[in-house]
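Work through the exercises below with the model open. Try each task before reading its solution.

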Amino acid sequence: MEWLDVAVLAGTFFSLLILGVPVAYSIGASTALAMLLSILPGPAVTTVAQRMATGLDSFTLLAIPFFILAGQLMNRGGIARRLIDLAKSILGTLPGGLAHVNILASMLFGAISGSAVAAASAIGGVMAPVMEREGYDREFGAAVNITSSTTGLIIPPSNVLIVYSLASGGVSIASLFLAGYVPGILLGLMLMTVAGVLALKRGYPRDARTPIAEVGQRFVSALPSLFLLVVVMGGIVGGVFTATEAAAVAVLYALVLAFLYREVGVADLPKILLDSAVTTAVVMLLIATSLGMSWLMAYANIPQTVTAALLSLTDSPVAILLLINLVLLVVGTFMDMTPAVLIFTPLFLPIAVGLGIDPVHFGIIMVLNLCIGLCTPPVGAVLFVGVGVAKTSITAVLRPLLPLFLAMVIALLVVTFVPALSLWLPHLFGY
Amino acid sequence: MRSDPSVLAPEMRRHPLYRTKAALDSVLGWFLVALMGLAVVNVLWQVTTRFVIGNPSSFTDELARYLLIWVGLFGAAYATGKRAHLAIDLLRTSLSGRGVHWHGLVVGLVVGAFALFVMVIGGAKLVSLSFLLGQTSAALRVPLGIVYLALPVSGALIVLYVVLFTIERLRLLRGLPPTLPVLMETTAEAYAENVDVNRDAVGETALLADDSPHDPAL
């Protein structure tokens, strides 16, 4: 293997990234440059172009724009409000009730919209002023909102898991989706525990108990939105739909619901379609260029070299898993989730499989790990949005974030070393 | 008289730069709306033919895949025009005044070079190779060269956006009034207010200097 290729690839990539060239272009340009070293210019640019086009040539990937579109349609109106009302009637009586409400609402909203940033913005936007009015620190509320929004990326349906399925060479999406439930809920519960302890210490208020009839009423009003999850997951797990078909049905369902609630008119549709297309394209260009880079790395035998290097350090599975997690945590702080999953899955998955780890389990470890990076500086999309909607600053929110980070890391370790948490549900359904 | 660099003067909307970009955005925007709409209808049709008619349609799977390639690539060009692609902006935010524009010129050079050499030239070679080999798709019998045509065309559109941005930056460096809202730097507070709720898909946000109030596309 040519060390020069690797040095050029990594050196160019990081230089462009820090320079502020958009991530997708940084990946593409460094791949093309490294390829020029080993083959002639003509074939090099044609190969990168071909990898880009064939990389997107996938029916499965089409699920991503559809889930984005369904999310856009669902976000238009009172769905965040309805989910918060429901969460408040269930968890409001706990110490630091509103923090728990924020976490549960984020979990539900994140699952429905499939987007951590949407959850941070929609739920945080409603919760931040309410929490402040009831005497919570603004920074504490923001920290809870930021960390809990990532649960929606693990609780299905989840676009990142679709990307992982692609990167891993076709791990079953239904299986990955089922595997996400327990770890996602575990993460939520860990965050609630920490938030509860902090709330007791700081003497935050709790709500009066909500009469059971009202809980039921609120559940009914949130039901149409929650039913989307039943349609999508039921369809996929029951083998009725592929993930892409389920996502298209979700678009139709969300559209009908939005029309019924009069939250969307026909005149709004072009704007919604365009917004979804742009969001899709941002992800797709990342996918196209990342696949080019991982193709080049495979061509240069980099995965084998990394495997050999890791195995020469230690052959203890526990140590290797810790090492992989450590690398991913560092990667996650400055890299976005999609390219990180696409570039690092081919590097680490063979090692993990060699150690006897189920590829489904490894996918959950990877996504949960990278979720932590979404909430950390210097690059943390969820952090930025969460700080923005709460009108605070990154430096102010770091202190209250620390105990919550600790909860996330503990959840990561538990999920890493207890495979049953991820694999129990898929096995139950026969995957 | 020197104008305020943070305000778009109404008469600047008649400037050729503004009008070129607005026209480009509008055409590309409506094209994307059509592609997205068609993609949804297409897969719903696949579900319908399988469950209701009981006879799965043969072309929908292929059409869906090709539509995704087109949405991805043409959307990437549109997103470049809106500066919606994710970037680490630590360096840019540490610069001020003219530094921002010099930085923008350098970033544009990298983006333009990638689009020109890989997407336009590499893509054009790929298209001609596909036509030469006479590759056609299995179900629709479309020449694959037509599908791959999205690469050089969207690449050329990206180059065009970069050229427009470069001209505008050079104008701004000479102290001329701004014509493109998308290049007018927004503050962090304005960014937070402009953040679109569902900008991200896979847990990441598109850092965008939103010019939607001026968006003539839709």
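## Exercise 1. A helix pair in chain B

Helix 1 of chain B passes helix 2 of chain B in a left-handed crossing. The model is predicted.

**Task.** Find how helix 1 of chain B is oriented relative to helix 2 of chain B, and give the classes of the residues in their contact.

**Solution.**
- Step 1. Take helix 1 (residues 16-53) and helix 2 (residues 60-81) of chain B; their axes come within 9 Å.
- Step 2. Read the crossing angle of these two axes: roughly 155°.
- Step 3. Angles over 145 degrees count as roughly antiparallel. Helix 1 of chain B is therefore roughly antiparallel to helix 2 of chain B.
- Step 4. Sort the contact of helix 1 with helix 2 of chain B by class: 17 nonpolar, 6 polar and 3 charged residues.

## Exercise 2. Chain B as a whole

**Task.** State which secondary structure elements chain B has, and how much of chain B is buried.

**Solution.**
- Step 1. Count elements: chain B has 7 helices and 0 strands.
- Step 2. Write them in sequence order: α-α-α-α-α-α-α for chain B.
- Step 3. Turn to burial. Of the 218 residues in chain B, 53% are buried.
- Step 4. Check contact range. Take the contacts in chain B between residues at least 6 apart in sequence; 72% of these join residues at least 24 apart.

## Exercise 3. One histidine

**Task.** Is B:H101 buried or exposed, and which residues beyond its sequence neighbours does B:H101 contact?

**Solution.**
- Step 1. Locate B:H101 in helix 4 (residues 98-133) of chain B.
- Step 2. Its relative accessible area is 13%, so B:H101 is buried.
- Step 3. Set aside neighbours within four places in sequence. B:H101 is then in contact with B:R169, B:L172 and B:L173.
- Step 4. Add a distance. B:H101 and B:R171 are 70 residues apart in sequence, with their C-alpha atoms 9.9 Å apart in space.

## Exercise 4. A second crossing, in chain A

**Task.** Classify the crossing of helix 16 and helix 18 of chain A, then give its handedness.

**Solution.**
- Step 1. The axes of helix 16 (residues 317-334) and helix 18 (residues 359-374) of chain A come within 7 Å and cross at roughly 40°.
- Step 2. Helix 16 of chain A is therefore oblique to helix 18 of chain A.
- Step 3. The crossing of helix 16 of chain A past helix 18 of chain A is right-handed.
- Step 4. Name the contacts. Helix 16 of chain A uses residues including A:I324, A:L328 and A:G332. Helix 18 of chain A meets them with residues including A:F362, A:M366 and A:G373.
- Step 5. By class, the contact of helix 16 with helix 18 of chain A has 9 nonpolar, 5 polar and no charged residues.

## Exercise 5. Helix length and burial

**Task.** Test the lengths of helix 2 and helix 13 of chain A, then find what the buried residues of helix 13 pack against.

**Solution.**
- Step 1. Helix 2 (residues 23-38) of chain A has 16 residues, so at 1.5 Å a residue it should span 22 Å. Its end C-alpha atoms are 24 Å apart, which agrees.
- Step 2. Helix 2 of chain A is mostly covered, with 12 of its 16 residues buried. Among them are A:Y25, A:I27 and A:M35.
- Step 3. Helix 13 (residues 243-260) of chain A has 18 residues, so it should span 26 Å. Its end C-alpha atoms are 25 Å apart, which agrees.
- Step 4. The buried residues of helix 13 of chain A include A:E245, A:V249 and A:L257.
- Step 5. The buried residues of helix 13 pack against helix 4 (63-75), helix 11 and helix 12 (212-237) of chain A, together with helix 1 of chain B.

## Exercise 6. Unusual backbone

**Task.** Which peptide bond is cis, and where does A:N301 lie?

**Solution.**
- Step 1. Recall the background. Most residues other than glycine have a negative phi, and most peptide bonds are trans.
- Step 2. The bond from A:P156 to A:P157 is cis, with omega near -10°. A:P157 sits in the loop between helix 9 (151-154) and helix 10 of chain A.
- Step 3. A:N301 is not a glycine, yet has a positive phi of about 60°. A:N301 lies in the loop between helix 14 (269-299) and helix 15 (302-313) of chain A.
- Step 4. With a relative accessible area of 39%, A:N301 is partly exposed.
- Step 5. B:R83 has a positive phi of about 50°. B:R83 lies in the loop between helix 2 and helix 3 (90-94) of chain B.

Technical notes
Residues numbered from 1 in each chain as written. Chains lettered and ligands numbered in written order. Predicted model: local features only at pLDDT ≥ 70, side-chain atom pairs only at ≥ 80, totals over all residues. Heavy atoms only, no water. Axes fitted to C-alpha atoms, helices over the stretch in contact; angles between N-to-C directions. Helix = DSSP H or I, 4+ residues; strand = E, 2+ residues; numbered from the N terminus. Parallel < 35°, antiparallel > 145°, perpendicular 65-115°, else oblique. Left-handed = near helix turned anticlockwise from the far one by under 90°. Contact = heavy atoms within 4.5 Å. Nonpolar A, V, L, I, M, F, W, Y, C, P; charged D, E, K, R; others polar. Expected span 1.5 Å × (residues − 1). Buried < 20%, exposed > 50% of the residue type's maximum accessible area, 1.4 Å probe, protein only.
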